[in-house]
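The following paragraphs guide the reader through a structural model, beginning with its metal sites and proceeding to its pockets and loops. Please keep the sequence and the coordinates at hand while reading.

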Amino acid sequence: MSYESYLAISREDLLAKMAEQMSKKRLEHSLGVEAAAIRLAKRYGADETKAGLAGLLHDYAKEVSDEDFLALIDKYQLDSDLKNWGNNIWHGVVGIYKIKEDLELSDAEILHSIETHTVGSKEMSLLDKIIYVADYIEDGRDFPGVDEAREIATSSLDRAVAYETARTVAFLAQKAHPIYPQTIETYNAYISYLK
Ligand code: GDP
Ligand code: FE
Ligand code: FE
């Protein structure tokens with residue numbers, strides 16, 4: 001894949017930069033999401049280059065410190081309620097500001113899919129759905145339900161979004177973790193696809 005139309009640096013240089021700021025495991029996961037996103041883009045007729053780049057970059061900010069995320073929330077005057085959350089929510093929703101700063105990436109569709117890759121949204125674009133689902137089903141993932149999610153993703157992206165969101169909400173509730181309001185909105189918008 002050539003990402004030159006969206007990025008000032010080559011894919012190779014991007015991989016080297018990512019390797020400096022994340023664990024080997026997370027880099028492998030990022031490459032897995034890139035590959036899964038390209039496969040889904042082929043299957044559902046989306047732009048393969050955008051899907052690949054968004055997949056590769058989706059967790060770019062995952063290892064940014066809490067302190068740096070809080071500073072970004074201030075700097076860009078983001079909703080102050082965000083401060084009540086943590087890395088799980090910040091690395092996508094706030095992470096796009098880190099990506100814009102570090103990589104001069106400005107494509108709005110790519111950035112939106114990264115912004116919503118953890119929590120989804122009530123009206124997801126084709127690219128948003130691809131990144132949300134690719135993150136869940138990439139080859140390196142191994143958890144109960146992942147094979148069913150992979151199977152569903154071969155026939156319906158909307159059903160795959162619904163399945164993943166239902167599993168995530170159930171998992172969070174069972175662990176007594178707070179659920180981000182936008183995650184609930186995604187659940188309500190997509191759950192009928194499972195019927
Ligand atoms: P990853 O970055 O590849 O590990 O995957 P995600 O970005 O999809 O999710 C990161 C973490 O956030 C996972 O542990 C999810 O269970 C968790 N998560 C997803 N939605 C929510 C939410 O609404 N609230 C909270 N507290 N955690 C969430
Ligand atoms: Fe993530
Ligand atoms: Fe991820």
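**Metal sites, pockets and loops**

In this predicted model, the iron ion (ligand 3) is coordinated by H29 (NE2), H58 (NE2), D59 (OD) and D135 (OD), at 2.2 to 2.3 Å. Donors here are N, O and S atoms within 2.8 Å of the metal (3.2 Å for Na, K and Ca), and water is not among the atoms, so sites may look incomplete. Along the sequence, the spacing of these donor residues reads H-x28-H-D-x75-D. Both H58 and D59 are buried, where buried means under 20% relative accessible area, exposed over 50%, and partly exposed in between (1.4 Å probe, protein chains only).

As to conventions, the model is predicted, and local features need pLDDT of at least 70, side-chain atom pairs count only at pLDDT 80 or more, and totals for chains, interfaces and linings use all residues. Residues are numbered from 1 along each chain as its sequence is written, chains are lettered from A and ligands numbered from 1 in the order in which they are written, and side-chain values use heavy atoms, with hydrogens and water left out.

Which residues coordinate the iron ion (ligand 2)? Its donors are D59 (OD), H91 (NE2) and H117 (NE2), at 2.1 Å. The pair H91 and H117 links distant parts of the chain, with H91 in helix 5 and H117 in the loop between helix 7 (108–115) and helix 8, 26 residues apart. In sequence, the donor residues of the iron ion (ligand 2) follow the pattern D-x31-H-x25-H. H91 counts as buried because its relative accessible area is 4%, and H117 is likewise buried because its value is 1%. The two sites share a residue: D59 bridges the iron ion (ligand 2) and the iron ion (ligand 3), which lie 3.6 Å apart.

Helices and strands are DSSP runs, numbered from the N terminus (helices H or I, at least four residues; strands E, at least two). Helix 8, which spans residues 126–137, has 12 residues and reaches 16 Å from its first C-alpha to its last, close to the 16 Å expected at 1.5 Å a residue; the expected span is 1.5 Å times one less than the number of residues. Of its 12 residues, 11 are buried, so helix 8 is largely enclosed by the rest of the structure. Among these buried residues are D128, K129 and D135, and D135 is also a donor to the iron ion (ligand 3).

The UniProt annotation "domain: HD", from an unreviewed entry, covers residues 26–140. UniProt positions are given in the numbering used here, feature names are shortened, and annotations may be inferred rather than shown by experiment. Over residues 26–140 the chain is 65% helix and 0% strand, with the end C-alpha atoms 10 Å apart.

Attention now turns to the pockets. On a 1 Å grid over the protein atoms alone, a pocket is an open set of points with protein on both sides within 12 Å along at least five of seven lines, and lining residues have an atom within 4 Å of a point. Grid points are joined across faces, edges and corners, and a volume is the space filled by probe spheres set on the points. The largest pocket has a volume of about 1,200 Å³. It is lined by 37 residues, of which K62, N88, T118, R141 and F171 are the closest to its centre. Helix 2 (24–44), helix 5 (87–93), helix 8 (126–137) and helix 10 (157–174) each supply at least two lining residues, and helix 10 gives the most, with five. By class, this lining has 12 nonpolar, 14 polar and 11 charged residues; Ala, Val, Leu, Ile, Met, Phe, Trp, Tyr, Cys and Pro count as nonpolar, Asp, Glu, Lys and Arg as charged, and the others, Gly among them, as polar.

The second largest pocket holds about 160 Å³ of space. Its lining includes L78, D79, Y97, E115 and Y180, and divides into six nonpolar residues, one polar and three charged.

Two loop residues remain. Q77, in the loop between helix 4 and helix 5, has a positive phi near 50° although it is a residue other than glycine. Q77 is exposed, with a relative accessible area of 73%. A176, in the loop between helix 10 and helix 11 (181–190), also has a positive phi, of about 60°, and is not a glycine. A176 counts as exposed, at 68% relative accessibility.

Technical notes:
1 Å grid on protein atoms, 1.4 Å probe; cavity = no way out; pocket = protein on both sides within 12 Å on 5 of 7 lines; lining within 4 Å.
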